[in-house]
Amino acid sequence: QVQLVQSGGGSVQAGGSLRLSCAPSGRIDVIAVMGWFRQAPGKEREFIGSLLWSGYRTSYADSVKGRFTISRDKTNNTVYLQMNSLKFEDTGVYYCAADRTFSAGTVATSKWYDYWGQGTQVTVSS
């Protein structure tokens, strides 16, 4: 089993930056890919980006490409979501997730992920 503990949420003005953290524990060795998702009230959970565990390769949704960066600290396995140039429409609950397998056809679909963090609120004001 894998546990994911998130931190770093909060409020920020539009144009500002925020960094979210996701600390895995337990059977870290089974993780194949980490994903980040967000959900605004009344909307479906939205894929943000992903990171391959062993190769550190990343991919991003078009809505955040060039503004958000996913990284992994190899010293403690913490995964970060660095968010720059934040917009009001970035507001929502942000989740990190882990999957035991990777497929290009499912990496952006939340229902295929095996483990989830508790979520953290990000609020961007105008």
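What radius of gyration would a compact globule of 126 residues have, and what value does the protein chain have? In this predicted model, the protein chain has a radius of gyration of 14 Å, which agrees with the value near 14 Å for a compact globule with 126 residues. Along the principal axes, the C-alpha atoms occupy a box of roughly 40 × 30 × 25 Å.

The secondary structure of the protein chain comprises 11 strands and zero helices. Read from the N terminus, the order of elements is therefore β-β-β-β-β-β-β-β-β-β-β. Among contacts with a separation of 6 or more, 56% join residues 24 or more positions apart.

Of the 126 residues in the protein chain, 44% count as buried. The exposed surface of the protein chain amounts to about 6500 Å², with 48% supplied by carbon and sulfur atoms. The protein chain carries 13 positive and 9 negative charges, and the mean positions of the two sets lie 3 Å apart.

Serine 21 was examined as a single position. This residue belongs to strand β3, which spans residues 18–26. Its relative accessibility is 15%, and because buried means under 20%, serine 21 counts as buried. Beyond its neighbours within four places in sequence, serine 21 is in contact with Val5, Gln6 and Ser7, with Trp36, and with Thr78, Val79 and Tyr80. Tryptophan 116 lies 95 residues from serine 21 along the chain, and the C-alpha atoms of the two residues are separated by 13 Å.

Methods
Residues numbered from 1 in each chain as written. Predicted model: local features only at pLDDT ≥ 70, side-chain atom pairs only at ≥ 80, totals over all residues. Heavy atoms only, no water. Helix = DSSP H or I, 4+ residues; strand = E, 2+ residues; numbered from the N terminus. Rg over C-alpha atoms; globule rule 2.2 N^0.38 Å. Buried < 20%, exposed > 50% of the residue type's maximum accessible area, 1.4 Å probe, protein only. Contact = heavy atoms within 4.5 Å. Areas by Shrake-Rupley, 256 points an atom, 1.4 Å probe, with all protein chains shown as cover. Lys, Arg positive; Asp, Glu negative; His and termini not counted. Charge placed at Lys NZ, Arg CZ, Asp CG, Glu CD.
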